[in-house]
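Reader: Could you take me on a close look at the pocket in this model? I would enjoy one connected answer, with the cut-offs spelled out as you go.

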Amino acid sequence: MKKIISGIMELNLPNKLTLLRMALVPVYLVLLACGWDLLALIVFAAASLTDMLDGRIARSRHLVTNFGKFMDPIADKLLTHTAFIMLCAMGRLNVVACIIFIAREFVVSGLRLVAVEQGHVIAAGMSGKIKTVLQMALVMLLTVMSGNLLTDLVMLAAAAMTLYSMGEYVWQNRAVLGGAK
């Protein structure tokens, strides 16, 4: 246990924020499952805030690390996709929207793996960032309410942006799929 704590203490601030985001996932789930929606909302919002902060701090202070490059997207997906699955199980999130959100990540992650094998790096694009903001806003809304016009519109917007983002990533990187280096 001392080694784990020592290892965490040696991490830079952005990487600690990434780990904090991951640690908040089960807290959010327990609060949501217990019906403490407002507390769950606060925890999810705090976790989402770490997503914005860790990248900004890492870039501005030149603290970008391989650990951060690897763990940050995992923490993001763990946070949002766990919430999607839980909200879907609770009947608050449409199943088709949940499938769209998760399928997009499989497609983009697979594309990135193929690109890396060919020596390419696919950076996050603006549509992916907008998708993330819409998805996080949707989770926050569905944490405290569901089945109304606002949540339905945000769900449609998030699903549409998710599909658009996936299509854009595939289109812009179609040469990777053809095996070109």
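Author: Happy to! By class, the lining of the largest pocket divides into 25 nonpolar, 12 polar and 13 charged residues, where Ala, Val, Leu, Ile, Met, Phe, Trp, Tyr, Cys and Pro count as nonpolar, Asp, Glu, Lys and Arg as charged, and the others, Gly among them, as polar. The model is predicted, with local features needing pLDDT of at least 70 and side-chain atom pairs pLDDT 80 or more, while totals for chains, interfaces and linings use all residues. Residues are numbered from 1 along each chain as its sequence is written, and side-chain values use heavy atoms, with hydrogens and water left out.

The largest pocket has a volume of about 1,800 Å³ and is lined by 50 residues. Nearest its centre lie Asp51, Asp72, Pro73, Asp76 and Ala124. A pocket here is an open set of points on a 1 Å grid over the protein atoms alone, with protein on both sides within 12 Å along at least five of seven lines; a cavity is a set where a 1.4 Å probe fits but cannot get out, and lining residues have an atom within 4 Å of a point. Grid points are joined across faces, edges and corners, and a volume is the space filled by probe spheres set on them.

Which elements build this lining? At least two residues each come from H2 (13–33), H3 (37–60), H4 (66–89), H5 (95–117) and H6 (126–144); helices are DSSP runs of H or I with at least four residues, numbered from the N terminus. H4 gives the most, with 11 residues.

Asp72, one of the residues nearest the pocket centre, also meets Arg21 in a salt bridge (2.5 Å, N to O), meaning a side-chain nitrogen of Lys or Arg within 4 Å of a carboxyl oxygen of Asp or Glu. This pair links distant parts of the chain, as Asp72 sits in helix H4 and Arg21 in helix H2, 51 residues apart. Asp72 counts as buried at 19% relative accessibility, and Arg21 is buried at 0%; buried means under 20% relative accessible area, exposed over 50%, and partly exposed in between, with a 1.4 Å probe and protein chains only.

Another salt bridge joins Glu105 and Lys77 (3.6 Å, N to O). Glu105 lies in helix H5 and Lys77 in helix H4, so this contact ties together parts 28 residues apart in sequence. Glu105 is buried at 7%, whereas Lys77 is partly exposed at 27%. Glu105 also forms a salt bridge with Arg104, their closest N and O atoms being 3.0 Å apart, and Arg104 is buried at 3%. Shared salt-bridge partners also join Arg21, Asp54, Asp72 and Asp76 into one network. In total, the structure holds 7 salt bridges.

Asp76 and Lys77 turn up once more, in the lining of the largest cavity, together with Thr80, His81, Lys131, Thr132, Gln135 and Met136. H4 and H6 are the elements that give two or more residues to that lining. The cavity has a volume of about 40 Å³, and the structure holds 1 cavity of 30 Å³ or more. Its lining residues divide into 1 nonpolar, 4 polar and 3 charged.
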